[in-house]
Amino acid sequence: MEGGGDGSKKGLEGTGLDLPQNKHGNLKSASSDQNLRDLLLHIKSSKTSTVINYGASWCGVCSQILPAFCRLSNQFPKLSFIYADIDECPETTQHIRYTPTFLFYRDGERVDEMFGAGEERLQDRLWLHS
């Protein structure tokens, strides 16, 4: 991976990590505040069960769990997965105090949250909300 400082890539591409390919089109990343607002509006209107991973490129724990988050998106095709970098979405992520934070939505409402990493914990929560 070259040119870490050009700033042109955002969202999942901007992490610089080698992430598993998403096979179901259910994994998106928010690359701006407006983009995240649109995604949140879609969650409310579509009532699709969704998990949002709030992370940051400088957060080591986020980098550890992100490949698992992408892999799990393939195991749970009926869930929507969204990655939001708090530095790329500063206005819409002001309420996030810890990274990574996972927020779970069902029927347009936030129903659960999880702080920190832990692939098994995350997978258990995904089973619960799928």
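**Figure 1. Strand β2 beside its partner β3.** Tyr54 stands opposite Ala84 in β3. This is a predicted model. Elsewhere along the pair, Val51 stands opposite Phe81 in β3. The two strands, β2 and β3, are parallel and are linked by six bridges. Together with helix α2, they form a β-α-β unit that is right-handed.

**Figure 2. The two faces of strand β2.** This strand covers residues 50-55, and six of its six residues are buried. Thr50, Ile52 and Tyr54 point one way from the strand. Val51, Asn53 and Gly55 point the other way, and these are buried too. β2 also pairs with β4, and here the strands run antiparallel, with five bridges between them. In that pairing, Ile52 is set opposite Leu103 of β4.

**Figure 3. Strand β3 and its pairing with β1.** Five of the six residues of β3 are buried, so the strand is largely enclosed by the rest of the structure. β3 pairs with β1 in the parallel sense, over four bridges. Ala84 of β3 is the bridge partner of Ala30. Ala84 also stands opposite Tyr54.

**Figure 4. The largest nonpolar core.** This core has 19 residues, and those that touch the most other members are Phe69, Phe81, Phe102, Leu122 and Leu126. Two or more residues come from each of α2 (60-75), β3 (80-85), β4 (101-106) and α3 (119-129). Helix α2 gives the largest share, six residues. A second core, separate from this one, has 16 residues, including Ala30, Leu39, Cys59 and Ile96.

**Figure 5. The surroundings of Phe81.** Neighbours within four places in sequence are left aside in this view. Among the remaining contacts of Phe81 are Asn26, Leu27 and Lys28. Val51 is another contact, and this residue stands opposite Phe81 in the pairing with β3. Phe81 also touches Phe69, Leu72, Ser73 and Phe76. Leu126 completes the list of contacts. Both Phe69 and Leu126 are, like Phe81, among the residues that touch the most other members of the largest core.

**Figure 6. Helix α1, its length and its two sides.** The helix has 14 residues, 33-46, and at 1.5 Å a residue it should span 20 Å; its end C-alpha atoms are 20 Å apart, which agrees. Its buried residues are Asp33, Leu36, Leu39 and Ile43. Seen down the helix axis, they fall within an arc of 125 degrees, so they line one face of α1. Leu41 and Ser45, on the other side, are exposed. The cover over the buried residues includes strands β1 (27-30), β2, β3 and β4. Just after the helix comes Lys47, with a positive phi of about 60 degrees.

**Figure 7. Helix α3 and what covers it.** Leu122, Leu126 and His129 are the buried residues of this helix. Viewed down the axis of α3, they lie within an arc of 70 degrees, so they line one face of the helix. On the other side, Glu120, Asp124, Trp127 and Leu128 are exposed. The buried residues of α3 are covered by elements that include β2, α2, β3, β4 and β5 (109-115). Leu122 and Leu126 also belong to the largest nonpolar core.

Technical notes:
Residues numbered from 1 in each chain as written. Predicted model: local features only at pLDDT ≥ 70, side-chain atom pairs only at ≥ 80, totals over all residues. Heavy atoms only, no water. Core = buried A, V, L, I, M, F, W, Y, C linked by side-chain atoms within 4.5 Å. Buried < 20%, exposed > 50% of the residue type's maximum accessible area, 1.4 Å probe, protein only. Contact = heavy atoms within 4.5 Å. Pairing = 2+ DSSP bridges. Right-handed = clockwise from strand over helix to strand, strands pointing away. Expected span 1.5 Å × (residues − 1). Arc of directions from axis to C-beta.
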